[in-house]
Structure formats: C-alpha cells, structure tokens
Amino acid sequence: MYTLQDYEIEEEKNAGRKNNGYSIHTFEVVIPLLNQDAFIKYKSLLENRCTKQDARSGYHNQHYYMCLKKRLTHAFANHYTCFDNEDLFRLGISNLCLMKGKYITPDYQANTGKMFISFQVNPRILLGHTENKYICIIPCSEIEQVIPALFATLRTFGFEDDVLIATEIKRLDLCANIRLKDQPAAERYLKLMRKGGHYRGLNTKEMPLDPVSHRHKHPGNEVRYVNGSYSRNGIRETLSIYLKYPQMQERSYLYDAGEIEQAKGQVRFELRVKAPKLRYLKKKYARPTSIQLLDAVQDIGIDILGAYLGGIYGTGKFVKTSHAIELVKQTNCHHKQVKGIMSQIIRQARKTDIAEAFHILPPQQRYMFKTYFNRLGISPVTFPDSWEEEAFENPATYILNNNVNERKQPYPS
C-alpha cells in the first residue's frame with residue numbers, strides 16, 4: 001500500500017527541477033471520511049477549533065435545498081457546513097467545509113452517501129513566502145515540498161494519517177504570469193487575448209449580461225474560455241486570462257501598496273482543472289493518486305495549458321494587420337486563392353475574433369488554415385497599425401521567456 005512515507009521519499013527524488021514557466025496558484029482537496037465514526041470525530045474537531053460560517057454554508061447549499069423544494073427524486077446534492085480558522089488561514093488553508101453527499105429518494109428523503117472534508121490551499125503562503133504573496137506563485141522548484149508541508153500542518157491541527165493518506169485533489173489551478181513593459185501594453189495585450197478562437201473543450205467565452213448596458217460583455221479586465229458543458233455537479237473547466245493590477249486595485253485594502261504597484265503590466269493565465277480532467281491526467285501521467293499530479297505540474301502545464309493557448313491563438317506572433325496581410329501576399333507556399341482566404345480571415349478576426357473568422361471555411365479545412373498561419377509564424381489575431389508595438393509574442397512564448405511567477409526583487413518603476 002502507498003503510504004505517506006513513500007510519498008515523501010518520492011518527492012525527494014524530484015527535487016531540483018528546472019522552472020519552465022508553469023506552476024500552481026491554488027488547489028482544492030477533499031479528504032474522504034469513510035464511516036460515521038470518522039465523520040463525528042472530525043465534525044467535533046472542526047466545531048471545537050473553528051468558527052461556523054452560516055452565510056457561506058447557505059450559499060453552497062442552494063442546490064441541495066432546491067432539490068428538496070422541487071421534490072426532485074433520484075437527485076444527488078452535497079450538503080455543506082462551512083468553517084473558518086484564523087491559524088489555518090494564515091498558513092494558506094481556507095474555505096473549510098464538511099460535506100455530506102445526499103441522495104434524494106423517491107419518497108423525498110435525503111439519504112447520506114459519501115462524506116468529506118474539503119478546503120483550499122495556497123501553496124505559496126503554505127511554504128512561508130511572505131513577500132509578493134499575491135503577484136507571485138510558488139516556484140516550480142518548491143512544488144515537491146507542498147504536500148509534505150500540508151500534511152505536517154494538518155497533523156498539528158488534529159488530522160490523523162489514516163485519513164490524510166486518502167487525500168485527493170478536487171481542483172487544480174495551473175498558473176503562469178507574464179509581465180509586459182507597462183500597464184497600457186498589458187491592456188492592449190488583453191484586447192488580443194479576447195480575440196481567440198475555440199479549442200477542444202474550451203468552446204465558449206463567458207460573457208455575462210452587463211446590468212447597465214444590457215449587453216453581454218467580457219468580465220472587466222479579463223477573458224474567460226470555458227467548457228460549455230456542465231457536469232452533473234455544475235462545474236466547468238475554465239481558462240482565465242486577466243490583468244493583475246486592476247484586480248488588486250479593486251480590493252486595495254487587502255494588499256500591500258508596493259505589491260499593487262509591482263502588478264502593473266502583469267498578465268495572469270490560470271487554468272482551473274476539475275475532477276473529471278484530473279482523473280484523465282492520473283492515467284496519462286501514471287499517477288496512482290491525484291495528489292501525485294503535483295509532481296507533474298510542469299509537464300501538465302506544457303501539455304495542457306500550453307496546448308490550449310496554441311490552439312486558441314495559434315503559435316505565431318501577433319503583428320500589425322497590414323504587416324500580416326503583406327506576409328501572406330509575399331509567401332510562396334500557397335496559391336492565390338489560399339492567400340485571399342487567409343487575408344479575409346485576418347480582416348474578419350480584427351472585427352470579431354478567430355472563431356467567427358474561421359466560419360468562412362468548412363470545418364474540415366479550419367485546422368489546415370490554422371496550420372498555414374502557424375507555419376508563417378503569425379497569429380490570425382492582429383492589431384491596428386496605430387499601436388506603438390511592432391509585435392507581441394504568443395502567450396506560450398511569453399510564459400517561457402518573460403515569466404514573473406517568482407520575483408527575486410522588486411522591479412524598477
């Protein structure tokens with residue numbers, strides 16, 4: 001049987017890996033409680049050492065009470081009891097919840113199934129980084145320290161090894177940060193990020209209805225690509241690209257003023273990977289448990305997040321519209337008709353986005369034309385000739401070569 005000691009020994013073997021630009025922002029874990037005695041024991045632990053959060057419990061239980069109110073039989077819903085603990089919060093552990101999986105029977109009873117404790121972990125805070133806690137994330141070289149540190153903290157709090165060994169990751173936030181020359185450049189780059197297409201499961205852009213204009217708009221200072229299909233639990237895989245500076249400014253009372261200033265020009269890429277994809281990744285990377293996926297975060301970042309970014313924007317640079325069209329005209333690799341279609345895609349992407357621009361092609365030809373752009377070294381997304389930049393790199397290149405996941409000292413203003 002795989003033990004905690006086995007895990008810690010394996011982690012030592014993985015020390016000293018090179019930082020390749022992808023790391024972790026946060027992750028959410030669940031600890032199964034296999035019987036009623038364990039549930040009662042840890043319920044007592046949480047009640048004695050934590051503060052109940054009824055408002056958060058009520059928010060999470062909306063689906064559960066909706067199932068009961070509408071008398072939905074054969075429905076599954078989780079019932080939450082939420083807690084806070086200041087000591088754990090200062091160590092990067094938050095959003096503690098005691099969960100009971102409920103099954104609504106034909107006679108409208110809620111029978112208890114699986115039971116869990118869930119919480120969220122910020123690895124950077126957990127490992128004791130006190131500087132740049134919010135603009136930086138955990139260095140890749142320290143990822144192997146996360147689970148041993150988490151287990152040590154939970155043992156001190158009162159958790160025992162017989163439950164810790166069953167810990168599983170429920171959600172993993174892969175993350176990378178880049179920094180452009182200034183905040184206006186980052187704002188212009190976000191405009192390009194909003195013009196991407198669709199790739200694999202990320203087939204929808206989340207655009208909530210604005211209460212003022214009554215139009216669907218991107219979230220402020222952000223673009224979100226989501227998996228359009230909800231799972232049974234209503235969760236979706238999400239790629240969020242946003243500007244760190246305005247996000248911190250909106251809640252400036254939470255952050256140090258110097259750290260807010262350093263966030264200027266920073267763009268964050270965050271892929272929230274949920275349980276269904278984590279099960280797939282366990283098989284792909286031959287990891288017996290999901291917590292061992294942390295060992296493979298750098299590879300997963302390149303394989304998954306890197307692939308998504310290349311699929312959404314292409315692998316080439318972003319250049320000015322006139323320059324892109326000129327490059328297409330000058331290439332000797334394609335017939336005149338193909339060049340005409342490529343130029344048409346460029347012009348349409350400027351007005352809308354890649355997804356709309358490629359609708360002029362039948363589905364079987366879209367991949368072929370994306371390849372044409374990649375071989376030419378440019379993205380179909382372009383920008384006005386009036387912009388001061390001559391080109392922007394694609395996100396995957398910036399992540400590897402212009403990365404600010406970790407900052408050794410403040411950047412000059």
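In this predicted model, helix α15 (residues 336–351) packs with helix α17 (residues 363–376) at an angle of about 85 degrees, and their axes are 11 Å apart. Two packed helices are described by the angle between their axes and the distance between the axes. Angles of 65 to 115 degrees count as roughly perpendicular, and α15 and α17 are therefore roughly perpendicular to each other. On the α15 side, the contact is made by V338, I341, M342, I345 and I346, while α17 contributes F369, Y372, F373 and L376. By class, this contact of α15 with α17 comprises nine nonpolar residues, with no polar and no charged residues.

**The three-stranded sheet**

An open sheet of three strands follows the order β12-β11-β13, and its pairing is mixed. Strands β12 (378–383) and β13 (391–392) stand at the edges with a single partner strand each, so one side of each is left without a neighbour in the sheet. Strands of a sheet pair through backbone hydrogen bonds, either parallel or antiparallel. Both senses occur here: β11 (residues 317–320) and β12 pair in the parallel sense over three bridges, whereas β11 and β13 pair in the antiparallel sense over two bridges. Individual positions show how the strands are matched. K317 stands opposite I378 in β12. V319 has T382 as its bridge partner in β12, and A391 as its bridge partner in β13. Helix α14 (residues 321–330) lies across β11 and β12 and runs at about 105 degrees to β11.

**Helix α12**

Which residues of helix α12 are buried? In this helix (residues 275–284), they are K277, L278 and L281. Seen down the axis of α12, these buried residues fall within an arc of 100 degrees, so they line one face of the helix. An α-helix has 3.6 residues a turn, so residues three or four places apart point the same way. The buried residues of α12 pack against β6 (168–179), β10 (266–274) and α13 (297–313). The face of α12 turned away from the buried side carries the exposed residues R279 and K283. After α12 comes A286, whose phi is positive, near 55 degrees.

**Two buried positions**

Two further residues, one in a helix and one in a loop, are set out below.

| Residue | Location | Relative accessible area | Contacts beyond four places in sequence |
|---|---|---|---|
| L190 | helix α9 (residues 183–193) | 5% | N221, E222, V223, I241 and L243 |
| N61 | loop between α3 (54–60) and α4 (62–69) | 3% | N78, H79 and Y80 |

A residue counts as buried under 20% relative accessible area. L190 is therefore buried, at 5%, and N61 is buried as well, at 3%. The surroundings of L190 in α9 include residues remote in sequence: the C-alpha atoms of L190 and Y242 are separated by 7.3 Å, although the two residues are 52 residues apart along the chain. Not counting residues up to four places away in sequence, L190 touches N221, E222, V223, I241 and L243. With that same exclusion, N61, in the loop between α3 and α4, touches N78, H79 and Y80.

Methods
Residues are numbered from 1 along each chain as its sequence is written. This is a predicted model: local features need pLDDT of at least 70, side-chain atom pairs count only at pLDDT 80 or more; totals for chains, interfaces and linings use all residues. Side-chain values use heavy atoms; hydrogens and water are left out. Axes are lines fitted to C-alpha atoms, for helices over the stretch in contact, and angles run from 0 to 180 degrees between N-to-C directions. Angles under 35 degrees count as roughly parallel, over 145 as roughly antiparallel, 65 to 115 as roughly perpendicular and the rest as oblique. Contact means heavy atoms within 4.5 Å. Ala, Val, Leu, Ile, Met, Phe, Trp, Tyr, Cys and Pro count as nonpolar, Asp, Glu, Lys and Arg as charged, and the others, Gly among them, as polar. Buried means under 20% relative accessible area, exposed over 50%, partly exposed in between (1.4 Å probe, protein chains only). Two strands pair if DSSP finds at least two bridges between them. The arc is that of the directions from the helix axis to the C-beta atoms.
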